[in-house]
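Me: I'd like a close look at one part of this chain, with enough of the surroundings to see where it sits. Could you walk me through it?

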Amino acid sequence: MSQQYTYQGELSWTGSAVEHEPGKLKLTRSFVLRFGGKAPIEGSSPSVFNGDDSKHNPETLMVSSLMSCHHLTYLAVCEKAGIRILEYKDSATGTLAVKDGKMRMVEVVLWPQVRVADAGQVDKARELHAKAHANCFMSNSVNFDVKVEPTVTA
């Protein structure tokens, strides 16, 4: 049985076209993302690319997509294994660099920190990060390295 799901969103440019100097156009890099029934997301490019760092950008959204997908997949595999999670936090770093002559995301590293209820399940809970990573929809969808370096305690 084939499974397929569709997610539809809209992007609206919220910027403007301004001429700062005669003959020199500047297009403000700001937008809003909308997905039905969800809060809108204001975005821009990073300031290094003439954007607004107070807003999300494609790079932060990519990193957040990988963090949240790993988190949700990890919860699913722990649930199936009967491991009670008491706390889950993650921090991550995405690296954007030139590779093969093009600017692209080249690596994302996740550092999930998990606290489990049963000290006897710490090792199993740590091992399940590999299973979660192997089954994470988003990490399976990108063409760069996604590394997971978990810490699990009781």
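**The strand in the middle, and what surrounds it**

Reply: Let's start with β4, residues 30-34, which is joined to β5 by four bridges, the two strands running antiparallel. Keep in mind that this is a predicted model. Within that pairing, Val32 sits opposite Glu42 of β5.

Now zoom out one step. β4 belongs to an open sheet of three strands, ordered β1-β4-β5 and paired antiparallel. The edges are taken by β1 (10-13) and β5 (41-44), and each of them has a single partner strand, so one side of each has no neighbour in the sheet. From one strand to the next, the twist averages 30°.

The residue to click on in β4 is Leu33. Is Leu33 buried or exposed? With a relative accessible area of 17%, Leu33 is buried, because the cut-off for buried is under 20%. Leaving aside residues up to four places away in sequence, Leu33 touches Glu10, Leu11, Pro40, Ile41 and Leu61. Glu10 and Leu11 fall in the range of β1 (10-13), while Ile41 falls in that of β5 (41-44). Leu61 lies within the residue range of helix α1 (58-81). Gly43 is another one to look at: 10 residues along the chain from Leu33, with 7.4 Å between the two C-alpha atoms.

That contact with Leu61 is a good excuse to follow α1. The helix lies across β7, β8 and β10, and runs at about 35° to β8. Those strands make up another open sheet of three, in the order β7-β8-β10, this one with mixed pairing. β7 (92-99) and β10 (145-148) are the edge strands; each has a single partner, so each is left with one side lacking a neighbour in the sheet. Neighbouring strands here are turned by 20° against each other on average, ignoring direction. As for the parallel part of the pairing, β8 (residues 102-110) and β10 are joined by four bridges, and Leu110 has Val148 in β10 as its bridge partner.

The other helix, α2, covers residues 122-135. Its 14 residues should span 20 Å at 1.5 Å a residue, and the C-alpha atoms at its ends are indeed 20 Å apart, so the two agree. Buried in α2 are Val122, Ala125, Leu128, His129 and Ala132. The spacing of such a list is worth a thought: an α-helix has 3.6 residues a turn, so residues three or four places apart point the same way. The buried residues of α2 pack against α1, β6 (85-89), β9 (113-116), β10 and β11 (151-153).

Finally, the whole chain. There are two helices and 11 strands, and from the N terminus the order reads β-β-β-β-β-α-β-β-β-β-α-β-β. The radius of gyration is 19 Å, well over the 15 Å that the globule rule gives for 154 residues, so the chain is more spread out than a compact globule. Its C-alpha atoms fill a box of roughly 70 × 35 × 30 Å along the principal axes. Of the 154 residues, 24% count as buried, Leu33 being one of the buried ones. The accessible surface comes to about 10400 Å², with 52% of that belonging to carbon and sulfur atoms. And if you take the contacts between residues at least 6 apart in sequence, 51% of them join residues at least 24 apart.

Methods. Residues are numbered from 1 along each chain as its sequence is written. This is a predicted model: local features need pLDDT of at least 70, side-chain atom pairs count only at pLDDT 80 or more; totals for chains, interfaces and linings use all residues. Side-chain values use heavy atoms; hydrogens and water are left out. Two strands pair if DSSP finds at least two bridges between them. Axes are lines fitted to C-alpha atoms, for helices over the stretch in contact, and angles run from 0 to 180 degrees between N-to-C directions. Contact means heavy atoms within 4.5 Å. The expected span of a helix is 1.5 Å times one less than its number of residues. Buried means under 20% relative accessible area, exposed over 50%, partly exposed in between (1.4 Å probe, protein chains only). The radius of gyration is taken over C-alpha atoms; the globule rule is 2.2 Å times the number of residues to the power 0.38. Accessible areas come from the Shrake-Rupley method with a 1.4 Å probe; for residues, only the protein chains shown count as cover.
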